[in-house]
Amino acid sequence: MSVMPHTPLLDQITSPSDLKRLSDAQLGQLAAELRSETISAVSQTGGHLGAGLGVVELTVALHAVFDTPRDKIIWDVSHQTYPHKILTGRRERMLTLRQKGGLSGFTKRSESAYDPFGAAHSSTSISAALGFATARDLGGQIDAGLGDAIAVIGDGAMTGGMAYEAMNHAGHLKKRLIVILNDNDMSIAEPVGALSNYLSQLYSGAPFQDLKEVAKGAVSFLPEPFREGAKRAKDMLKGMAVGGTLFEALGFSYVGPIDGHDLNQLLPLLRTVKDRANGPILIHAVTQKGKGYAPAEQARDRGHATAKFDVVTGKQHKSPSNAPSYTSVFARALVAAAADDPRICAVTAAMPDGTGLNLMAERYPSRCFDVGIAEQHGVTFAAALAAGGMRPFCAIYSTFLQRGYDQVVHDVALQNLPVRFAIDRAGLVGADGATHAGSFDIAYMANLPNMVVMAAAGRGFHPFSCPSDGPQPQPRAHSRRCDRRASATHIPRSPSLRPAMPHQNAPHLLYKSG
Ligand SMILES: Cc1ncc(C[n+]2csc(CCOP(=O)(O)OP(=O)(O)O)c2C)c(N)n1
């Protein structure tokens, strides 16, 4: 059942400039209406729900304070932009979301001037924002104009190396640049790694910053350059994570943590930053993925991606599949093989469920590695596992393996190391569109020396085969061959519908080079 939300204020908004005439209290009401509208739209289209619900207040505050499209909001991944789309003139088209000819589920330059930079792969936002800030300072001219550049990046995306490359550069250039770290303590799955612990330390035990002083116009507790000579009162430092953070070491002023759902904190802080920032600043906003919709808040993935659903019950309308997915065939075979061979191990880059490696992680946690959104590291890590005598499976979506391509070439193929790539979501993927389609893996893998490229086909698909040139694959012998060379299996998203054929008890050999 879809529920038509009551949205009297939202009904008056046709573009972000309309937010400028609302009082702070009205902006609070607008946020509540925007949340209901987002839930209602996604219940009818399916798509990314939890991330958008987590940034409703942030979206309202950014559009209320900054002057888009002159100021550039760069949303990392951009799966959280449904509320942004609703506020930026696309409300009427929300029910076309993720359909052919409809709105994209991500930001898209060709869709709106309010989407200054397209995204879908993670961790690019700080680089893009720095590029806009630099173009501005160099006198670049574009139709919308060039004002502030604001990157909104999640704690998951912050595990990607590009974010640090960009911060390192930004700290060097010292340009006015705003980064909002949207810390909901979730990636698609639980976040992994030392960074997650570090961010929690920044706010565990410490109360959110008391920003009442900002509301009154006092800014003395803000870090340089936000203060105007006034000495930071010592007691204000107590309990605040100011000074010595990783971000400050990289050249950013750090403000936080703040409650990213509290407009009474967000609005005065953003206004102050807009008035006074003159270098890179990072605002650490703590939010909750799925905020305000109980079924999403309670879901294991906080409603990261959903099918169409009933708003009242939260029940999703998923059509049952009558065949196992190739992903699950792969995952079960991997776990069975790992039982026989202690050298088998597996690597995922923040996609344990999507690649099926959650099964391996449950059964053999010490041999299953979630490296975070870090495909480059994941591939090189797997290469060295192979060099160290292990039998690594690197399970990464086709589209995201593009991020680790130099590592595939330089660390795996040229060294002829026996890494087995399980390339999931190979081929067309549907509603996520071009940024997520696995269009290129056959071409980019088949190009390489020492690489065997195969495709999963038929019910008998077995991920441990490595076919020879002969017409009758012999899984065991060929599996041994794959122990001596790099190989990749193209695993489509669709279920393994085709009936088993005698000659299909191994992946099809698409191409063998080297
Ligand atoms: C390079 C790359 N690898 C993997 C993904 C898949 N992916 C999409 S969103 C996401 C989690 C992002 O977490 P976070 O940045 O914290 O945002 P949240 O969804 O929690 O708001 C992942 C892993 C991706 N988009 N890009």
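How many Å should the 13 residues of helix H6 (residues 161–173) span at 1.5 Å a residue? I started my notebook there, and the expected span came out at 18 Å, which agrees with the 19 Å between the end C-alpha atoms. For the record, the expected span of a helix is 1.5 Å times one less than its number of residues. Helices (H or I, at least four residues) and strands (E, at least two) are DSSP runs, numbered from the N terminus.

**Ground rules I noted**

I am working with a predicted model, in which local features need pLDDT of at least 70 and side-chain atom pairs count only at pLDDT 80 or more, while totals for chains, interfaces and linings use all residues. Residues are numbered from 1 along each chain as its sequence is written.

**Helix H6, continued**

I next looked up burial along H6. Met162, Ala163, Ala166, Met167 and Ala170 are buried. These residues cover an arc of only 135 degrees around the axis, so they sit on the same side of H6; the arc is that of the directions from the helix axis to the C-beta atoms. On the other side of H6, I found Asn168 and His172 exposed. My cut-offs: a residue is buried if 20 or more other C-beta atoms lie within 10 Å of its own, exposed if 12 or fewer, and partly exposed in between, with C-beta atoms placed from the backbone.

**Helix H1**

I ran the length check on helix H1 (residues 24–45) too. Its 22 residues reach 31 Å from the first C-alpha to the last, close to the 32 Å expected at 1.5 Å a residue. After H1 comes Gly46, and its phi is positive, near 75 degrees.

**Around the ligand**

Which residues come nearest to the ligand? I listed Ala51, Ser122, Gly154, Gly156 and Ala157, out of 23 residues around it. A residue belongs here if its C-beta atom, placed from the backbone, lies within 6 Å of the molecule. By class, I noted ten nonpolar, nine polar and four charged residues in this shell. In this scheme Ala, Val, Leu, Ile, Met, Phe, Trp, Tyr, Cys and Pro count as nonpolar, Asp, Glu, Lys and Arg as charged, and the others, Gly among them, as polar. Domain 1 (49–79 + 106–299) and domain 2 (326–512) each give at least three residues to the shell; the domain bounds come from an automatic or database domain assignment.

**Strand E10 and its partners**

I moved on to strand E10 (residues 391–397), where seven of the seven residues are buried. On one side I found Arg391, Phe393, Ala395 and Tyr397, and on the other Pro392, Cys394 and Ile396, so I wrote down both faces as covered. Strand E8 (residues 344–348) runs parallel to E10 and is joined to it by five bridges. Two strands pair if DSSP finds at least two bridges between them. Strand E11 (residues 420–426) also runs parallel to E10, again with five bridges. Cys394 is a handy residue to click on: it is the bridge partner of Val347, and Cys394 also has Phe421 of E11 as a bridge partner.

**Strand E2**

Both faces of E2 are covered as well, with Lys72 and Ile74 buried on one side and Ile73 and Trp75 buried on the other. Four bridges join E2 to strand E3 (residues 149–154), and the two run parallel. I found Trp75 opposite Val152 in E3.

**Backbone oddments**

Where did I find cis peptide bonds? One joins Thr68 and Pro69, with omega about 5 degrees; Pro69 is in the loop between helix H3 (56–65) and strand E2 (72–75). Another runs from Gly256 to Pro257, with omega near -5 degrees, and Pro257 lies in strand E5 (residues 253–259).

I also checked for positive phi outside glycine. Val77 has phi near 65 degrees and sits in the loop between E2 and helix H4 (82–90). Val77 counts as buried because it has 25 C-beta neighbours inside 10 Å. Asn450 has phi near 70 degrees and lies in the loop between helix H18 (441–446) and strand E12 (451–455). With 18 C-beta neighbours inside 10 Å, Asn450 counts as partly exposed.

**Last look**

Ala133, in helix H5, is buried because 24 other C-beta atoms lie within 10 Å. Its C-alpha atom is 7.0 Å from that of Lys175, 42 residues apart along the chain.
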